[in-house]
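Here is a quick tour of some charged side chains, written for someone who has not met this structure before. Have the sequence and the 3D view open as you read.

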Amino acid sequence: MAFVQFSRVNLAFGDRDILKNVSINLQSGCKFALTGANGAGKSTLIKVLAGLVKADSGNRAVQKDCRIAYLPQSGLTHAGCTLMEEADKAFEFGYELQRQIDAIGEQLQKGEGNTDALVLRQSELIQQLEDSLWHRRQANAESVLLGLGFSRSDFDRDTKEFSGGWQMRIALAKALMQNPDILLLDEPTNYLDIEARTWLEEFLQNFKGGFLLVSHDRYFLDVTINEVYELFNGELKRYTGNFSHYEKVREVELKTLIAEYEQQQQEINKLEDFINRFGAKATKAAQAQEYQKKLEKMVRIEIPESLKKIHFSFPPAPHSGRLVLRTNGICKSYDGKRNVLNNLDMTLENGERLVVAGRNGEGKSTLLRIIAGVDKDFSGEIIPGAGVQIGYFSQDNAETIKGKESILDYLEARAPLELIPKLRDMLGAFLFRGDDVYKSLDVLSGGEKSRIALLQLLLSPVNLLILDEPTNHLDMHSKDVLLSALKDFGGTVVFVSHDRGFIEQLATKVLELKAGQYRYFPGGYDYYLEQTVEKSAAKTVAKETGKIELQPSGDNKPAEVSSGKLSYEEQKKQESEKRKIQKEVSRLEDLIAELEEKKSALDLKMADPSVYSNGEKAKAVQRELEEICSKIEETTAAWEEAAMKL
């Protein structure tokens, strides 16, 4: 069993201990999550595990031939070749194994070296190559790329044409294609839509190797992992179970610590309040100095950010009528040929939390820009209700945040008076802690500016919030704080998100955009998923019998199958088709087994000294092997296609 083992690993940056006596064992079949507050050192630990950062002390043991694939959070770009050519680079390990196999074959042919040792090593390499599924690399590459949202038309595009988010999808695809023994994934869902995340969930659930991942998506973690490792104050602690179970156990475990923390925070607040109020008064100055020394000597209790109870509320939403907004025949095209939005009619009522769902490129962000009044190049009508005041957030908002003033000064100048005392806590909830609040706006990253833009919007008195990917650049704790505030918000929310857990807890209605059409679901996200899965299954059955009716664009109801029951003749026909497919599946399975037997026989033949020592014979057997492997790949692909029909 492949493994990567670390014992008592230590690493410090300056006077700060990042890792203290950390031990962890990654092996085939492990499904681990790594969690901890921002800045705790999670990415550093993963780099140490990957062998990219050297620890100050400790032991790192990696089993011979164990293959590790690592995906960083960001920063990878590709250019100079097509998408499929770039994907093929993921299989370099297979090409290298083949080169080693060929080199050993040449040594054996020339009679060089220890024959028994060479034959044994060649056999090991051949088996390694087989286990890696290298002979099925083309089918593997296509499956992974399509699963992560690329289309077949993308395969021949130059990689430099893809945006930053898609560049990271390419990097993720290459990591998965390698079929490594150990996968190390740092925020793999950052650039994925819901469909790609769902595919990745299924991939990891079925992955035979071991993996360790960092993610701020609670739902994604809950369905993929079975152990959690928390990095806190440099120490690593293990918890069995999914992420939600870890949170419950950890909260109980830290109950006493949290009580002590809250008590200390009250004392700190009292001391700081006294110092601020009386520090400049002569009669109280000595006492204020004593309190200041007491503060400086105090050993601060620390708890994980996820367990700090931070809550904030929006300013009261201005009153609006029951009807918040109505759209009438909205059409939008970017090329004058295909409508991204086509005759879209929608009615939004007060208090609704409407999520706009659909794949990337289906017009979700476009619709939000139109509703917000940012995009005016469309046909149709937007009819707002009485008293509606709109607040709009998108990642583009970050571009407007510039200047030399500090984050705290910037927000204090824009916040309602009653919220100014809460600003430090709110900034903390949005990952600006300690001295971070004094950073100049001009030195902030794009992600930091995006968080400031979101917080600025939430401080504004509006009654219709339009939010495009509000959870990007937030950690799990910050998402929880935002979610709680949005649930309590007195107005109406229209939003787009790729975080399934966030959607499931917030959405009360769903608008699905797909191929220029739309469907409206008057229920939460679970209801939407149930309906779309049921309709999809029903359409598949109906399509096979020729009984499907697609509704025209613009109908607010989910498409229906024309008939709930099949006639006797239709049932007979369907059963006959099913038997034919089952027969074909069985035939292909027998053929694969036969081909595998032939391949095994050729492998044995290749290990025969009378063959490998004869150049002509060795080449002939190698050609047969390649032909058999190719046939196995083709037959397996045909079997998969037939099996899918069942």
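## A pair within one helix

Let's start with D273 and R277, which form a salt bridge whose closest N and O atoms are 3.4 Å apart. Keep in mind that this is a predicted model. Both residues sit in helix α10, which covers residues 255–278, and because they are 4 residues apart there, about one helical turn separates them.

How open are the two partners? D273 has a relative accessibility of 39%, so it counts as partly exposed. R277 comes out at 53%, so it counts as exposed.

## Pairs that reach across the chain

Side chains of opposite charge can pair when their charged atoms come close. How many salt bridges does the count come to? The count is 25 salt bridges.

One of them joins K404 and D442, with 3.6 Å from N to O. K404 is in the loop between β14 (390–393) and α13 (407–412), while D442 is in the loop between α14 (423–429) and α15 (446–458), so this salt bridge ties together parts that lie 38 residues apart in sequence. K404 is exposed, at 72% relative accessibility. D442, at 38%, is partly exposed.

Another salt bridge brings E142 together with R152, and here the closest N and O atoms are 3.0 Å apart. This pair links distant parts of the chain: E142 belongs to helix α5 (residues 137–147), and R152 to the loop between α5 and α6 (164–177), 10 residues away. E142 counts as partly exposed, because its relative accessibility is 22% and the partly exposed range runs between 20% and 50%.

There is also a network to look for: salt bridges link E86, K89 and K174.

## A negative patch on the surface

Now turn to the surface, where D102, E106, E624, E626 and E627 form a negative patch. Which helices each supply at least two of its residues? They are α3 (92–110) and α21 (615–645). The largest share, 3 residues, comes from α21.

E624 is a handy member to pick out, and you'll find it in helix α21. Its relative accessible area is 36%, so E624 is partly exposed.

## A buried aspartate in a loop

Is D499 buried or exposed? With a relative accessibility of 5%, D499 counts as buried, because buried means under 20% relative accessible area. To find D499, go to the loop between β16 (492–496) and α17 (500–506).

The side chain of D499 has backbone company there. It reaches the backbone nitrogen of G501 at 3.2 Å. A polar atom of the D499 side chain also lies 3.0 Å from the backbone nitrogen of F502.

## One last stop: E302

Where is E302? Look in the loop between α11 (285–297) and β10 (323–333). E302 is partly exposed, with a relative accessibility of 48%.

For a landmark, try F232. E302 and F232 are 70 residues apart along the chain, and 9.3 Å separates their C-alpha atoms.

Notes
Residues numbered from 1 in each chain as written. Predicted model: local features only at pLDDT ≥ 70, side-chain atom pairs only at ≥ 80, totals over all residues. Heavy atoms only, no water. Patch = residues over 30% accessible without salt bridge, like charges linked within 9 Å, V, L, I, M, F, W, Y side chains within 5 Å. Areas by Shrake-Rupley, 256 points an atom, 1.4 Å probe, with all protein chains shown as cover. Salt bridge = Lys/Arg side-chain N within 4 Å of Asp/Glu carboxyl O. Lys, Arg positive; Asp, Glu negative; His and termini not counted. Charge placed at Lys NZ, Arg CZ, Asp CG, Glu CD. Buried < 20%, exposed > 50% of the residue type's maximum accessible area, 1.4 Å probe, protein only. Polar contact = N/O pair within 3.5 Å; in protein donor to acceptor, adjacent residues only side chain to side chain.
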